[in-house]
Amino acid sequence: MSADVRTLPWLKAEPAVVTAPPPLRVGHTSLGTPIWLESLGPIAPRPRVLLVAGQHGDEPEGPAALRALLEQDRVELRRLGLGIAWIAEANPDGLLRGTRATPEGIDLNRDHATLASPEARVLHRVFATFAPDVVLDLHGYPSRRAAALARGWLLDDDVLLARATHPAVVDEPGASSRTLEEVVDDLSLEGVAAGEYRLFQAAGRVRLSTLGTDDLRNAVALRYGAETWLVEGRHPRPDEGPEERRRLVDAQRRALRAILRRVAARPRPSPARRAAPRPGEEIAVAASWARRSRPLPVTVRDVRSGHRHRVDLEGVLGEVEPTRRVVLPAAYAVPASQRGLTGPLLRQGFSFTAGRDYRADGGDGAADDDLVFPVDQPGGAALAVWLERASARADGAHRLDAPGA
Ligand SMILES: [Zn+2]
């Protein structure tokens, strides 16, 4: 051990004093509890990463892993050159009470399309203004799942990872799963058992992730063009002691660090937001799951023997197959009386014009009291995903073709 610590580059380059900006109060819950946004330093650098922890108040491992990351890896995080910010407690009332939902009984991670809860509205204000390129959503998952126990298994991956899976989310072909597999490999070198997030369904089938647009990773990828990650740490089982609990928090911390390193190492950062879509583009608005061609490796613990091992699951529903594509119209017109449709779109911050103004421009089909949402705006593809089903109803949204088209 002859290395002179003074020659270590990270010691030389680290400024003597780095002051973090004070926490920013970005909103509050219905009970008045503040929600805080914190950052490592100036948030100008891109890519910008926003970590969101504690959407589910009964999953304290997310906030714990985030705290561990900030305590142990702060110097490295600064050196990555990313704009890093975080909301450590997205559902502070739920965390205080140990409940999954908010005090109003809303599951925050099913509220990203509707934004019925003040907590979700706060998060979306932050997404809109901070404009993150990458969002990491931290959760916890339980070992015991009836459908896995039926096979004699406790689920035993230290960390599960997922990316947005909605078919309308534009990504480099294959890039999504490739990056995920790289992070799984990085973690395996560090002794962390990581795997792809999957659901053991009651019927005995296993499928990857979800296609709904109400969870953070799909909604935020669709609405803001951010690359989104679900990072779940395993809940400790009742028989596991403090050492194993610490190891699990540490595994989730390592997963966060591995993703941040991968983001920082990219030669060209992804743009913060995708370009606004153009009328006439095709967008997949619905999809179903098909069997994936390769088996899915999963870490399990045998209920009888107690041995931990990897199994290769066959027949996993793991490929997203679009079942419906639509050609984007110029705009969607929604009757002002359809509050169930217009309310969420207004809370999502979509731009609109009054129907009478749209018609004056030469467009067709908008009534005076319609709200007209042009598709050519940031996140405009999400309008098609959210309104196409409603546009099949006589009193729902209707498609407006471009003037003269
Ligand atoms: Zn959760």
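This section describes the overall make-up of a predicted model, followed by one helix pair, two sets of paired strands and a loop glycine.

The chain contains 12 helices and 19 strands. Of its 405 residues, 44% count as buried. Contacts were considered between residues at least 6 apart in sequence; 77% of these join residues at least 24 apart.

Two packed helices are described by the angle between their axes and the distance between the axes. Helix H2 spans residues 61–72, and helix H9 spans residues 242–265. Their axes come within 8 Å and cross at roughly 65 degrees. Angles of 65 to 115 degrees count as roughly perpendicular, and H2 and H9 are therefore described as roughly perpendicular to each other. The crossing of H2 past H9 is right-handed. On the H2 side, the contact is made by Glu61, Ala64, Ala65, Ala68, Leu69 and Gln72. H9 contributes Leu248, Val249, Asp250, Gln252, Arg253, Leu256 and Arg257. By class, the residues of this contact comprise seven nonpolar, two polar and four charged.

Strands of a sheet pair through backbone hydrogen bonds, either parallel or antiparallel. One open sheet in the model has four strands, in the order S17-S18-S16-S19, and its pairing is antiparallel. Strand S17 (353–354) and strand S19 (398–400) each have a single partner strand, so they stand at the edges and one side of each lacks a neighbour in the sheet. Within this sheet, strand S16 (residues 331–335) and strand S18 (residues 370–374) run antiparallel and are joined by five bridges. Tyr332 stands opposite Phe373 of S18.

A hairpin is formed by S1 and S2. Strand S1 covers residues 24–28 and strand S2 covers residues 34–39. The two run antiparallel, with four bridges between them. Gly27 has Ile35 in S2 as its bridge partner. Five residues lie between the strands of the hairpin. In this hairpin, Gly32 takes a positive phi near 90 degrees.

A further glycine, Gly306, lies in the loop between strand S13 (296–302) and strand S14 (308–313). Is Gly306 buried or exposed? A residue counts as exposed if 12 or fewer other C-beta atoms lie within 10 Å of its own. Gly306 has 8 such atoms within 10 Å, so Gly306 is exposed. Gly306 is also related in space to a residue remote in sequence: Trp153 is 153 residues away along the chain, yet the two C-alpha atoms are 9.3 Å apart.

Technical notes. Residues are numbered from 1 along each chain as its sequence is written. This is a predicted model: local features need pLDDT of at least 70, side-chain atom pairs count only at pLDDT 80 or more; totals for chains, interfaces and linings use all residues. Axes are lines fitted to C-alpha atoms, for helices over the stretch in contact, and angles run from 0 to 180 degrees between N-to-C directions. Angles under 35 degrees count as roughly parallel, over 145 as roughly antiparallel, 65 to 115 as roughly perpendicular and the rest as oblique. A crossing is left-handed if the near helix is turned anticlockwise from the far one by less than a right angle, and right-handed if clockwise. Two residues are in contact if their C-beta atoms, placed from the backbone, lie within 7 Å. Ala, Val, Leu, Ile, Met, Phe, Trp, Tyr, Cys and Pro count as nonpolar, Asp, Glu, Lys and Arg as charged, and the others, Gly among them, as polar. Two strands pair if DSSP finds at least two bridges between them. A residue is buried if 20 or more other C-beta atoms lie within 10 Å of its own, exposed if 12 or fewer, and partly exposed in between; C-beta atoms are placed from the backbone.
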